[in-house]
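Q: Could you walk me through this structure, starting with the overall fold and then going into the details?

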Amino acid sequence: MIEALEYGFFRNAILGSLLTAIVCGLLGSYVVARRMVFVSGGITHASFGGIGMGLYLGINPLLSAAGFAVLSALGVQGAARTGLLREDSAIAAFWSLGMALGTLFVALTPGYSTGLSAFLFGNILLVSHTDLFLLSGMALVTIAAFIFGFRTILYTAFDPDFARTRGVRVQLVEMLMSVAIALGIVLSIRLVGIMLLMSLLTLPQSIMNLFTSRFSSILVGSVVLAAVAALIGLWGSYTLGIPSGAFIILVLVCLFLLAKTIKHFVHAQS
């Protein structure tokens with residue numbers, strides 16, 4: 001793997017994976033704490049509509065996917081809050097609509113969409129300098145938000161009613177976090193793809209939650225675990241010739257099973 005560092009695309013892949021780990025580790029902690037796992041899954045799959053539109057119109061698919069993801073996040077939140085639809089029904093509606101539109105646009109796109117599999121299953125080796133720039137900006141904004149707005153995010157995630165008594169504008173915070181999650185999802189698609197991204201937002205946090213309930217520890221630990229899994233995934237992709245996204249998720253699943261085993265053994269001993 002050391003010799004691979006001579007190649008610019010591999011250095012980009014390492015930096016991209018570390019930045020993605022920061023974004024998904026932090027935002028995923030909020031997702032798990034707020035019990036928004038299926039909301040994030042709906043947003044992820046709805047973004048496929050934007051990817052299909054981008055391929056059809058010949059524009060950057062990530063740009064159109066970001067638009068779809070943000071609108072889906074706000075749509076689910078708005079539909080649930082106004083009582084137009086139950087949250088699970090809203091998620092299903094946007095999930096299905098995004099996948100249907102994406103499939104339709106891909107079918108209408110002339111020729112074969114060679115980059116489609118990278119969006120579906122991830123290919124971190126294709127990360128560009130533009131992707132790194134956008135990921136860097138997203139990572140910096142996310143870190144700043146969690147540092148300076150830690151208590152606000154903490155109260156909103158675990159007890160919105162208490163947050164309101166402390167003067168927190170919960171609805172605004174939830175909206176901003178939903179937009180951040182949508183953008184984070186789209187920018188992270190390069191790493192593991194649409195089909196596997198939800199695992200990157202939940203597995204590191206679930207592993208950490210086995211050993212601690214302290215939100216700050218979960219935040220830091222999730223970033224570290226996501227980074228470790230991403231680097232191992234890159235190593236596996238380079239040495240074994242297998243998709244990096246699938247290997248990253250496989251590593252996280254193995255870490256989760258190992259953590260569960262350790263937790264069970266420690267509990268049995270006590």
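A: Before the order of elements, one term: helices and strands here are DSSP runs, numbered from the N terminus, with at least four residues for a helix and at least two for a strand. The model is a predicted one, and from the N terminus on the elements of the protein chain run α-α-α-α-α-α-α-α-α-α-α-α.

Q: How many helices and strands is that?
A: The secondary structure of the protein chain comes to 12 helices and zero strands.

Q: And what about the overall dimensions?
A: The C-alpha trace spans about 55 × 50 × 35 Å along its principal axes. The radius of gyration of the protein chain is 19 Å, which agrees with the value near 18 Å that a compact globule of 270 residues would have.

Q: What share of the residues is buried, and what share of the contacts is long-range in sequence?
A: Buried residues make up 49% of the 270 residues, and of the contacts with a separation of 6 or more, 75% are accounted for by residues 24 or more positions apart.

Q: Which residues touch the most other members of the largest nonpolar core?
A: That core has 73 residues, and those touching the most other members are L27, Y30, F146, L200 and I248. Not counting residues up to four places away in sequence, L27 touches M138, T142, F146, M177, A180, I181 and G184. There is also a second, separate core of six residues, which includes I207, M208, L210 and I218.

Q: What about S17, is that buried or exposed?
A: S17, which has its place in helix α1 (residues 8–33), counts as buried because its relative accessibility is 0%, under the 20% cut-off. Leaving aside neighbours within four places in sequence, S17 is in contact with I124, L191, A230, L231 and L234.

Q: Switching to charges, how many salt bridges are there?
A: The count comes to four salt bridges, and R34, R81 and E174 are linked in a network of them.

Q: Which parts does the R34 pair tie together?
A: R34 forms a salt bridge with E174, with the closest N and O atoms 2.3 Å apart. R34 lies in the loop between α1 and α2 and E174 in helix α9 (residues 170–192), so the pair ties together parts that are 140 residues apart in sequence.

Q: And R81?
A: The side chain of R81 also meets that of E174 in a salt bridge, at 3.0 Å from N to O. This pair links distant parts of the chain, with R81 in helix α3 (residues 61–82) and E174 in helix α9, 93 residues apart.

Q: How accessible are the members of that network?
A: E174 counts as buried at 10% relative accessibility, whereas R34 is partly exposed at 24% and R81 is partly exposed at 38%.

Q: Any other pair worth listing?
A: R86 forms a salt bridge with D88, the closest N and O atoms being 2.9 Å apart; R86 is exposed, with a relative accessible area of 60%, and D88 counts as partly exposed at 45%.

Q: On the surface, which residues make the nonpolar patch?
A: Y56, L57, I59, L104 and L108 make a nonpolar surface patch of about 470 Å², to which α2 (37–57) and α4 each supply at least two residues. L104 is found in helix α4 and is partly exposed, with a relative accessible area of 46%.

Q: Where is L97, and what is its C-alpha separation from A46?
A: L97 is found in helix α4 (residues 87–108) and counts as partly exposed at 47% relative accessibility. The C-alpha atoms of L97 and A46 are separated by 6.7 Å, although the two residues are 51 residues apart along the chain.

How values were computed:
Residues numbered from 1 in each chain as written. Predicted model: local features only at pLDDT ≥ 70, side-chain atom pairs only at ≥ 80, totals over all residues. Heavy atoms only, no water. Core = buried A, V, L, I, M, F, W, Y, C linked by side-chain atoms within 4.5 Å. Buried < 20%, exposed > 50% of the residue type's maximum accessible area, 1.4 Å probe, protein only. Contact = heavy atoms within 4.5 Å. Patch = residues over 30% accessible without salt bridge, like charges linked within 9 Å, V, L, I, M, F, W, Y side chains within 5 Å. Areas by Shrake-Rupley, 256 points an atom, 1.4 Å probe, with all protein chains shown as cover. Rg over C-alpha atoms; globule rule 2.2 N^0.38 Å.
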